[in-house]
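Work through the exercises below with the sequence and the 3D structure open beside you. Try each task before you read its solution.

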Amino acid sequence: MDRVDVLVVGGGFLGCATAWMLAREGADVLLVERDQVNQHASGQNAGSLHFQLEYRMIERGIEAAKLAAEAMPLHLEAAQWWERLTEEVGEPLGVSQTGGLMLAHTAEQERLLHAKAEVERAWGLDVRVLDREAVLAEAPYLSPTVRAASHCPIEGKADTRLAAPALARAAARLGADVQGRCEVVRLARAGGGWTATLRSRGAGPAGPVGTERTVQADAVVLAAGVWTTELGAMIGSELPTIPLALTMSVTVRRPPLISHLVQHAGTRLSLKQAGDGNVLIGGGWPARLGRGPLGEADLARSPEIVAGSVAGNARAAVAAVPELAHVPVLRTWVGTTTVTPDQLPLVGAVPDAPGAFVATGGSAFTLGPSFAQVLTDLVQGRPAGTDLTPYDPRRYRGGARVG
Ligand SMILES: Cc1cc2nc3c(=O)[nH]c(=O)nc-3n(C[C@H](O)[C@H](O)[C@H](O)COP(=O)(O)OP(=O)(O)OC[C@H]3O[C@@H](n4cnc5c(N)ncnc54)[C@H](O)[C@@H]3O)c2cc1C
């Protein structure tokens with residue numbers, strides 16, 4: 001049987017970043033990905049690096065926002081990571097942190113922005129609310145109907161097509177073994193560590209389709225995104241997550257227009273212009289999740305596009321940036337991500353499973369580097385640099401805590 005220090009399950013951004021960080025510290029790492037690296041949420045998302053509280057965290061009012069703000073230490077650590085990630089990885093990741101604006105069109109939204117910014121500043125985030133004149137001076141491409149906006153100078157974007165594969169290559173250069181088309185089908189405690197049964201799903205180093213082999217690992221990292229609950233069940237641990245199918249659209253290329261990450265305090269919206277000129281439009285508009293015969297979520301099926309979501313998202317985009325009314329949409333796609341019942345991420349040791357660690361929930365692309373840092377610290381037996389109490393998976397023992 002093969003032996004490694006750490007088995008990382010999942011080749012999305014989080015798994016690749018964790019494998020890279022562990023390999024940098026000399027750990028012997030095996031990363032296995034059931035499909036291809038970056039095939040799921042990490043390669044399908046909007047690439048927003050948002051450190052302000054998002055619309056979904058403030059739409060239920062400021063008390064809910066205060067709870068969500070407990071994740072702010074992870075936001076701040078992630079912002080610093082993104083600033084140096086390209087240099088440390090040694091490949092372009094399409095990162096640019098030229099600032100983000102969350103818009104308000106109404107007086108009520110403006111009040112919410114002020115309350116939100118106060119909460120964020122108390123946690124140490126650099127954010128201030130600009131009036132209409134200042135907003136339009138900062139971002140002349142925005143609609144003059146915008147009343148105010150909160151501005152956070154460290155927000156921005158990264159290229160989701162580049163980031164996870166670059167981290168996987170960087171991990172491999174440091175000796176990590178990254179295997180696609182290889183699925184973990186069983187995990188069992190053995191000899192102070194874990195025995196994993198791996199099944200090949202395609203030609204490659206794991207052997208012909210269906211070939212099974214076992215690997216012994218001192219530690220296991222669950223970086224399985226929407227499949228985290230399934231992996232938790234495999235090791236007898238409750239890791240509740242809620243799958244969300246979301247919509248993204250991209251326009252044709254156009255000359256530079258939008259230089260910020262643009263969000264909205266009153267509707268689902270994220271807008272940014274990629275380096276090659278396409279404008280990415282998202283922000284959490286729902287798609288239809290695949291369902292099994294009993295109505296249960298079927299994560300193996302692709303979600304379906306909901307026409308009303310595409311239209312609603314486009315309307316929100318044009319209301320923010322009127323020029324977009326003249327820019328055709330090139331493509332719409334959908335992807336599935338995960339949140340937790342109380343909206344805070346799930347980060348830490350897996351309950352009742354010594355040597356197993358997990359991170360997921362929420363904006364795990366933005367927060368991926370800080371999740372990966374925490375996982376690396378825990379695997380290496382160090383205390384995490386951030387107080388993990390609010391994100392501790394043990395909060396769900398014996399039933400979900402709903403915030
Ligand atoms: C449309 C959309 C837009 C989004 N926009 C943003 C955004 O702008 N900013 C942001 O921060 N976040 C955004 N998100 C959320 C973000 O994409 C996810 O939080 C993040 O990518 C999760 O990364 P991950 O590596 O944890 O999971 P994933 O990328 O889902 O990777 C998990 C991997 O685990 C593999 N796996 C599962 N089970 C097994 C097994 N048994 N054996 C082997 N492999 C297994 C899966 O095949 C998968 O590839 C968005 C999500 C969507 C869908």
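**Exercise 1.** In what order do the eight strands of the open sheet stand?

*Solution.* Note beforehand that this is a predicted model, in which local features need pLDDT of at least 70 and side-chain atom pairs count only at pLDDT 80 or more, while totals for chains, interfaces and linings use all residues. Residues are numbered from 1 along each chain as its sequence is written, and side-chain values use heavy atoms, with hydrogens and water left out.

Strands (E, at least two residues) and helices (H or I, at least four) are DSSP runs numbered from the N terminus, and two strands pair if DSSP finds at least two bridges between them. With mixed pairing, the order is β5-β6-β4-β13-β14-β15-β12-β16. Since β5 (128–131) and β16 (329–339) stand at the edges with a single partner strand each, one side of each is left without a neighbour in the sheet.

**Exercise 2.** Find how β13 and β14 are joined.

*Solution.* Strand β13 (residues 261–264) runs antiparallel to β14 (residues 270–273), and two bridges join them. Within this pair, Val262 stands opposite Leu271 in β14.

**Exercise 3.** Which elements give two or more residues to the lining of the second largest pocket?

*Solution.* Lining residues have an atom within 4 Å of a point of the pocket, which is an open set on a 1 Å grid over the protein atoms alone, where a 1.4 Å probe fits, with protein on both sides within 12 Å along at least five of seven lines. There are 21 lining residues, and Asp159, Thr160, Arg161, Ala274 and Leu280 lie nearest the centre. The elements sought are α2 (41–44), β15 and β16, and β16 gives the most, with three residues.
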